[in-house]
Amino acid sequence: MPDDRELLDTGASAQLLGDRFPGMAAMDEHVVAMQSEKLDSDDVLLKRPFGFLFWFALVWIAIVFLAAIFANLLPLQNPNFQNYSALSQGPSSAHLLGTDDLGRDLLARLIFGARVSLIVGFFGVGIGLIVGGTAGLISGYKGGRLDVALNAGSFIILAFPAIVAVIAIVTFWGQSLVHITIILGVATIPLMFRVIRASSLSFAQRDFVVAAKTMGATDTRIVLREIFPNVIPVTVTFSLITVAGIIVIEGTLAFLGLSVNLPTPSWGNLINEGTANNALSTDPYIMLWPAMSMFLLLWSINLIGDRLRQRFDIREGLL
Amino acid sequence: MSKYLVRRVLQLIVVSFVISVLAFLLVHLLPGDPSTIILGPNNTAANRATLLEQLGLNDPLWQQYLTWLGAVFHGNLGTSYLNHESVTHILATGAPVDLELIIISQTIAFSVAVPLALLVSRRPNRPLDNVATTSTFGMLALPPFVVAPILVAIFAVGLGWFPATGYVPFTQNPATNIHDMILPSVAITAGSIAVYFRLLRSDLISTLQQDFITMARSKGLSGRRIMWRHAFRPSSFSLLAAAGINIGALIAGTFVVELLFAIPGIGYSLVLAVNQRDYLVVQGIALVVAIAYVTIQFIIDFIFTIVDPRVVRE
Amino acid sequence: MTKSNDMSRRTFLSRGAVAGGAVVLAGAAGSALAGCSSDSTSSSTTAASGSKPGVGTGTPAQGGSLTVGNMADIDGFYPPNNHFDTNGYNIALTIYDTLCGVAADGSTQPNLCESITPNSTFDGWTMKLRSGIKFNDGSDLTAAVIVANYQALNASLLTGQALTQIASVTATDSMTVQYKLTAPNPGFPNGLTTQVGMVFGQAMIDAVKGGNARPTPVGTGPFIFESWQPNDHFTATRNPSYWRKGLPYLDKITFKPIPDTVQREATLKTGGVDMLVSTDPLTIKRFSDKPDYQVVDTLTGVIGEPSVAFIMLNTVVPPTDDIRIRQALAKGLDQATVQKIFGAGYGEPLDGIFLPDSPYYKKTSYPTFDPAGAKKLVAQYKAEHGTPKLELITITDPRLAQVVQIIQQMWNQVGFEVTISQIQQANLVSNFVSGKFQAATSYQFGNVTPDLNYVWWSTTTAKPVGQIALNFARNVDPIIEENMLTARHTADTATRTKAYQTVNEQLAKDLPYLWLQQYLFSAVAVSRVQNFANPTLPSGAPAYAFNEGIFSSTAIWLSK
């Protein structure tokens with residue numbers, strides 16, 4: 001992988017161009033220096049009130065999270081109770097979102113399913129961040145042998161056919177929410193590592209870091225106070241998209257029977273159940289609710305991420 | 001430069017070796033062995049013992065590994081315990097299939113994502129951008145096992161434009177081959193489009209904010225020229241990098257599409273082999289897939305070095 | 001016919017097809033070559049004309065190419081080295097003939113051989129071959145080839161077990177083969193209708209001896225092997241010198257394995273295949289009322305006993321080692337609901353392995369749905385051992401996923417604590433073999449005679465947990481053992497009937513298997529595919545039309 005600055009630091013692209021347009025080098029340096037600081041005043045273009053969509057997204061996220069957390073307290077039907085006289089029924093007063101092929105209430109399954117998907121998504125990425133992110137942060141800054149080793153390690157994990165690993169691990173370990181979260185979390189470690197490492201690396205070579213070093217700051221202090229805050233925007237953006245990715249991948253795992261134990265609902269396996277056995281043609285709404293919920297959640301998360309970034313940081317970073 | 005090459009080749013060798021060991025261990029430590037499936041109703045303690053002996057599976061693990069490695073260096077990847085097909089043949093027939101899937105899907109992905117990103121990045125957060133962003137997120141939320149049946153229902157059964165399953169080798173009939181691969185390729189494209197679009201859009205927006213763009217504009221350069229030569233080029237690095245990771249994930253990650261569309265690719269063969277404890281097939285495919293992945297990364301890195309000589313660091 | 005479904009590796013990836021669904025270890029070559037000839041029941045689709053699905057109308061037309069959508073691929077063409085499941089049989093029977101065949105009335109008749117006659121004690125059989133038959137490589141079919149076939153099969157780890165009843169096979173002259181058995185067996189020819197009765201050429205045996213594990217198929221069948229691309233297609237072309245004159249009608253036949261049922265059906269609808277085989281009852285439902293398609297299924301016309309889907313209980317590990325638990329599980333399981341959802345309404349509640357129209361059928365004491373009774377039993381057990389906890393395992397198939405969730409709820413409602421695990425096929429089979437399971441989904445036992453199921457029920461094949469045992473449920477019942485052997489060795493129909501009825505009753509008492517419903521096979525074809533369920537034996541008599549998903553390609557023609 002191009003490990004150096006150019007990967008994620010688009011400020012570098014300006015530098016590159018500087019070499020191609022002589023005379024712009026000086027301009028370049030200025031631009032880069034500016035970009036190291038937060039310059040709200042320059043953000044004229046994008047500084048506007050958050051807007052309706054932002055609040056809509058925020059509300060949706062809040063609804064999903066609260067519903068997932070307090071699912072037990074809500075007046076919902078049992079998500080696993082099969083009512084054999086109410087198979088595959090469309091939305092009605094008895095079942096607001098209808099029932100699935102085994103007569104289970106879809107609204108309840110959707111809300112309880114949010115739990116599983118959110119846990120898998122956020123805790124999974126959490127694992128990736130804590131392990132991979134920290135490693136990347138340090139490794140990008142320090143470089144040297146540690147960097148080479150970790151880099152090679154991440155490469156190895158990425159090059160190994162994931163599906164084989166997942167099948168093997170689930171076979172050994174069994175299906176469960178915890179296991180799946182850990183497996184997917186571990187799978188994100190190399191991604192987090194590479195992304196944050198590249199970002200960390202690009203900042204490690206900046207003037208302000210060099211300055212701090214010459215002033216005698218310890219490595220820890222530099223990493224925590226100089227590099228870490230600057231890495232946050234990229235991290236946040238990438239993490240959010242990875243959350244999206246994991247929630248979706250859990251669906252594919254459900255398709256392969258490698259996800260949480262039946263009958264536990266998750267958005268992934270709800271979508272799977274809604275697609276299997278030709279349900280897509282006969283009762284498409286079964287798949288529709290979880291798919292829409294997932295879509296809205298992903299969109300909301302990333303919209304919030306976008307707007308926050310625009311508001312508080314000039315550099316869009318990678319995503 | 002040659003030092004760079006040497007380093008990358010070394011990296012290739014180390015990574016491939018480690019992965020081969022991992023794949024070997026992983027599949028051998030799985031409970032069960034091929035004898036259950038092979039012997040079927042003839043499974044007795046005696047038969048099983050004989051069979052394992054015949055297959056060389058009674059040797060200590062390290063010995064089995066070295067035997068296999070030795071064979072690999074002689075170009076012999078072994079054969080399947082089940083249908084006796086040579087692993088080389090499995091790869092030779094399956095790899096082109098996946099290669100084609102990847103090429104077609106990535107072509108579609110880039111053809112959609114790049115123009116779209118170029119289009120919307122000039123006016124972020126305007127309606128067009130919102131629509132584009134929303135739709136790409138919609139695509140992200142639909143994994144291949146959902147998209148595939150939908151595509152088949154609409155375009156195959158409904159409109160009859162494409163077949164529901166099947167594969168015709170390129171050498172047999174190029175036109176039919178590509179035509180039949182369209183639905184499967186589209187099924188795996190969705191995620192890629194979303195990622196590439198988001199990436200490029202983000203980078204472009206940020207690049208376009210920079211002063212040198214204003215400078216270019218003030219020099220009188222047209223908008224399109226600016227977009228393409230000054231904005232897109234630098235922004236494309238991250239796109240390329242992401243493509244590398246993405247394509248890597250697709251290699252042997254096409255199992256779902258191969259299963260649903262009955263396409264004989266190596267993703268399907270790999271999963272089949274893991275489930276049947278067809279050790280040699282798993283090891284052979286994992287090794288080749290890893291080599292392919294590293295090589296692709298290498299190529300992408302190489303493209304980086306061509307575009308910017310300063311990138312060759314380390 | 002026996003087929004080793006499922007222990008055949010391929011089918012597990014047949015999604016929605018449930019083909020790999022459960023462990024389909026049909027009697028296979030097991031302790032076959034036993035069993036008697038007239039076990040049949042109903043006459044199947046024997047009518048020659050009329051608008052019955054699968055029965056051709058009008059004059060057969062020569063030519064054309066048929067493409068069939070299979071559920072999974074075959075693993076190879078050398079009978080000693082493979083276990084053919086339904087898919088394997090459908091493919092193999094295009095290029096090989098079996099020595100004997102099953103007639104529509106259930107009797108075993110000569111097929112490739114001209115005659116097979118027993119001695120007075122049924123422990124010696126004389127087989128006469130038809131003269132003038134050649135393999136597709138030009139070599140002659142002689143007794144020597146049959147003997148060589150037997151030796152290859154006997155030496156194989158995969159098929160040798162099937163032939164333990166044979167003491168020797170010798171060629172007494174160039175067209176006569178003498179079989180000597182170790183014990184009297186009036187039903188010996190039954191085994192020759194299965195995989196071990198498929199006749200392959202000497203050239204294959206030589207090639208394998210020479211180290212070629214994938215010899216080019218050499219057979220006497222209606223078609224000649226053309227090409228096989230694993231997981232993609234198998235193609236065979238018409239054998240112009242087929243020994244049955246005038247047959248086959250087709251010029252070419254191709255099989256395509258399409259694991260996903262819905263996709264297979266979509267391929268039929270779009271014309272990618274002309275015919276498909278399925279194990280999903282919903283296929284029957286989806287195509288039954290469509291006038292452009294012909295549907296043939298195993299709801300009628302089963303000879304012997306049908307494949308049955310069931311929950312297998314391990315009788316030697318807790319809690320299922322306690323008979324009260326097994327009874328509670330049986331009483332707590334409502335077959336009607338399972339059939340409604342899994343069977344799409346097809347199939348009747350089962351109380352044993354025989355369908356009501358079988359000559360062996362007699363109502364057993366198999367428990368009926370009685371949740372109150374189940375709760376009582378569970379309460380009893382709970383007082384002694386605490387709440388019974390059970391792990392119900394199945395493979396990753398969406399239809400079976402429905403079944404296990406239904407059953408989980410039913411059992412939880414009577415007091416059990418049931419967890420569900422989906423595991424890979426190979427693991428499931430491995431668990432069965434080593435006895436590491438409590439309850440699991442499975443399907444098996446479809447055979448033209450119960451004797452071919454001996455190996456699954458015998459006391460001799462039950463071993464402790466951890467050791468390889470083919471009596472997976474490890475149900476050691478001497479009464480079953482005794483009656484199975486009695487039925488095997490007797491030529492008297494009444495004795496045999498009583499014996500099998502006793503076995504069936506014992507199964508209902510021991511409860512190693514909780515019956516769910518008949519496991520249904522179906523074949524769906526477009527209208528121009530004629531006569532795919534109306535085969536005849538060389539004598540002209542109608543043959544068993546649709547043997548658990550196996551159809552004959554010999555008599556199929558395509559109308560214009």
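In what sense, and over how many bridges, do strand 6 of chain C and strand 7 of chain C pair? In this predicted model, strand 6 of chain C and strand 7 (residues 176–181) of chain C pair in the antiparallel sense, and six bridges join them. One bridge places Ile166(C) opposite Leu181(C), its partner in strand 7 of chain C.

These strands belong to an open sheet of chain C in which four strands follow the order 4-5-7-6 with antiparallel pairing. Its edges are formed by strand 4 (113–118) and strand 6 (166–173) of chain C, each of which pairs on one side only. Neighbouring strands of the sheet are turned against each other by 20 degrees on average, direction ignored. Helix 2 (residues 143–155) of chain C lies across strand 5 (124–129), strand 6 and strand 7 of chain C, and its direction makes an angle of about 160 degrees with strand 6 of chain C.

Elsewhere in the chain, helix 10 (residues 425–434) of chain C is mostly covered, with ten of its ten residues buried; among them are Leu428(C), Val429(C), Phe432(C) and Val433(C), as well as Gln425(C) and Asn427(C). Just after this helix, Gly435(C) adopts a positive phi of about 80 degrees.

At the level of the whole chain, chain C contains 13 helices and 20 strands. Its radius of gyration is 23 Å, close to the 24 Å that the globule rule gives for 560 residues, so chain C is as compact as a globular protein of that length. Of the 560 residues of chain C, 69% count as buried, while the exposed surface of chain C amounts to about 16,500 Å², of which carbon and sulfur atoms supply 53%.

Terms used
Residues numbered from 1 in each chain as written. Chains lettered and ligands numbered in written order. Predicted model: local features only at pLDDT ≥ 70, side-chain atom pairs only at ≥ 80, totals over all residues. Heavy atoms only, no water. Buried < 20%, exposed > 50% of the residue type's maximum accessible area, 1.4 Å probe, protein only. Helix = DSSP H or I, 4+ residues; strand = E, 2+ residues; numbered from the N terminus. Pairing = 2+ DSSP bridges. Axes fitted to C-alpha atoms, helices over the stretch in contact; angles between N-to-C directions. Contact = heavy atoms within 4.5 Å. Rg over C-alpha atoms; globule rule 2.2 N^0.38 Å. Areas by Shrake-Rupley, 256 points an atom, 1.4 Å probe, with all protein chains shown as cover.
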